[in-house]
Structures are given as C-alpha cells and as structure tokens.
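Have the sequence and the 3D view side by side. The tour begins with one residue and works outward from there.

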Amino acid sequence: GGEGDAGTRELVRRYTDASVATDIDGLAALLRDDVRCSMPPTPGLRVGRDAVVNDWVNDGFEDLGRLRAVQTSVNRQPAVAFYLWRKQEGAYLPLTIDVLRISGGAITEIITFHDDQFPRLGLPERLPADGTE
C-alpha cells in the first residue's frame, strides 16, 4: 500500500497547489476522463472532465481571489479544505471542502461540501493573514 499512498499524497499535493493557484489546466490534468463531481446538498452530478472544468470556469473559479488550503481527510478519503481571503475580516475564511476519490493515479470523483461542514470536521474557523502564522 505504501507506493499507492505516496502516489495519492503526490496527487493530492498537486491538486491542492493547482487549486490555490486557480490553475484550471493544472487541475484538469489530474482528473480522469470520466471524473464525477457533485456538491451536496445541491442536486446534480457533473460527469466527465470537460463538464467539470466548464463548470469551474462558469462559476468564476479563476477570479476567486487568494486561497489557502488545508489537507485533511473525510471518511478516510483525502480531502482539501479551502479558505478564501476576506479583506474585511483580515483573515482567510472557510470556502469549500473537496473530498477526493483517487484511483489509477487520477482523481475519479470530487465531492464538494460547503463551509457549514468545517466545524463538524474539526477544521479551523479561520486562517491568519499570510506571514503571521
């Protein structure tokens, strides 16, 4: 299992880095062709890399602003919690959590949870401004 674990960790790291950089091409490269993406409790499932990527573009992902990420796990699956810089607050506040299913060296499913799930998962309520940790 060690080799698979290392591959999974590397993939999660690349997903995290590409997300924080809002690098859609970088993210797309990590997705399997038939990737599935959902955002409960919102109904609907995106299937396929193009559908998922188009959704991100249409949602304005590239213009989100400054992000930070915390790697965690949800139900023993790798997950990445994203925080968005809020100038008024002077801190990064919870945005979304992506729970990843990985198989064969690619991401096969992304389930995105809203910020209301952060407390349940024991994630911090805010992250400090850069350079003050």
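In which element is Tyr15 found? Tyr15 sits in helix 1. The model is a predicted one. Is Tyr15 buried or exposed? Its relative accessibility is 1%, and buried means under 20%, so Tyr15 counts as buried.

What does Tyr15 touch, leaving aside its neighbours within four places in sequence? Its contacts are Leu27, Leu30, Trp56, Val80, Phe82, Asp98, Leu100, Ile107 and Ile110. One pair can be followed along the backbone. Tyr15 and Gly26 are 11 residues apart along the chain, and their C-alpha atoms are separated by 7.9 Å.

Tyr15 also belongs to the largest nonpolar core, a set of 22 residues. Along with Leu31, Trp56, Leu100, Ile107 and Ile110, Tyr15 touches the most other members. Which elements give two or more residues to this core? They are helix 1, helix 2 (24-28), strand 1 (31-39), helix 3 (49-58), strand 4 (77-86) and strand 6 (106-114). Helix 1 supplies the largest share, four residues. Another core lies apart from this one. That second core has 11 residues, including Ala81, Ile111, Phe118 and Leu127. In soluble globular proteins, nonpolar side chains tend to be buried together.

Stay on helix 1, which covers residues 2-20, and move to Ser19. Ser19 has a relative accessible area of 2%, so Ser19 is buried. Beyond four places in sequence, Ser19 is in contact with Leu27, Phe61, Leu67 and Phe82. Leu27 and Phe82 are also among the contacts of Tyr15.

Now step back to the whole chain. How many helices and strands does the protein have? There are three helices and six strands. From the N terminus on, their order is α-α-β-β-α-β-β-β-β. The C-alpha trace spans about 40 × 35 × 25 Å along its principal axes. A compact globule of 133 residues would have a radius of gyration near 14 Å; the protein has 15 Å, which agrees. Buried residues make up 37% of the 133. Take the contacts between residues at least 6 apart in sequence: 50% of them join residues at least 24 apart.

Turn to the surface. The protein exposes about 7,600 Å², and carbon and sulfur atoms supply 46% of that area. Its charged side chains number 15 positive and 21 negative. The centres of the two sets lie 4 Å apart.

Several loop residues are worth a look. Asp59 is in the loop between helix 3 and strand 3 (67-74). Asp59 is exposed, with a relative accessible area of 58%. Compare its position with that of Leu100 in the core. The two are 41 residues apart in sequence, and their C-alpha atoms are 20 Å apart in space.

Pro41 lies in the loop between strand 1 and strand 2 (42-47). The peptide bond from Pro40 to Pro41 is cis, with omega near 5 degrees.

End at the loop between strand 3 and strand 4, where Asn75 is placed. Arg76 is found in that loop too. What phi does Asn75 have? Its phi is positive, about 50 degrees, although Asn75 is not a glycine. Arg76 is not a glycine either, and has a positive phi of about 65 degrees. Asn75 is exposed at 70% relative accessible area. Arg76 is exposed at 83%.

Terms used: Residues are numbered from 1 along each chain as its sequence is written. This is a predicted model: local features need pLDDT of at least 70, side-chain atom pairs count only at pLDDT 80 or more; totals for chains, interfaces and linings use all residues. Side-chain values use heavy atoms; hydrogens and water are left out. Buried means under 20% relative accessible area, exposed over 50%, partly exposed in between (1.4 Å probe, protein chains only). Contact means heavy atoms within 4.5 Å. The radius of gyration is taken over C-alpha atoms; the globule rule is 2.2 Å times the number of residues to the power 0.38. Accessible areas come from the Shrake-Rupley method with a 1.4 Å probe; for residues, only the protein chains shown count as cover. Lys and Arg count as positive and Asp and Glu as negative; His and the chain ends are not counted. The place of a charge is taken as NZ of Lys, CZ of Arg, CG of Asp or CD of Glu. A nonpolar core is a set of buried Ala, Val, Leu, Ile, Met, Phe, Trp, Tyr and Cys residues joined through side-chain atoms within 4.5 Å.
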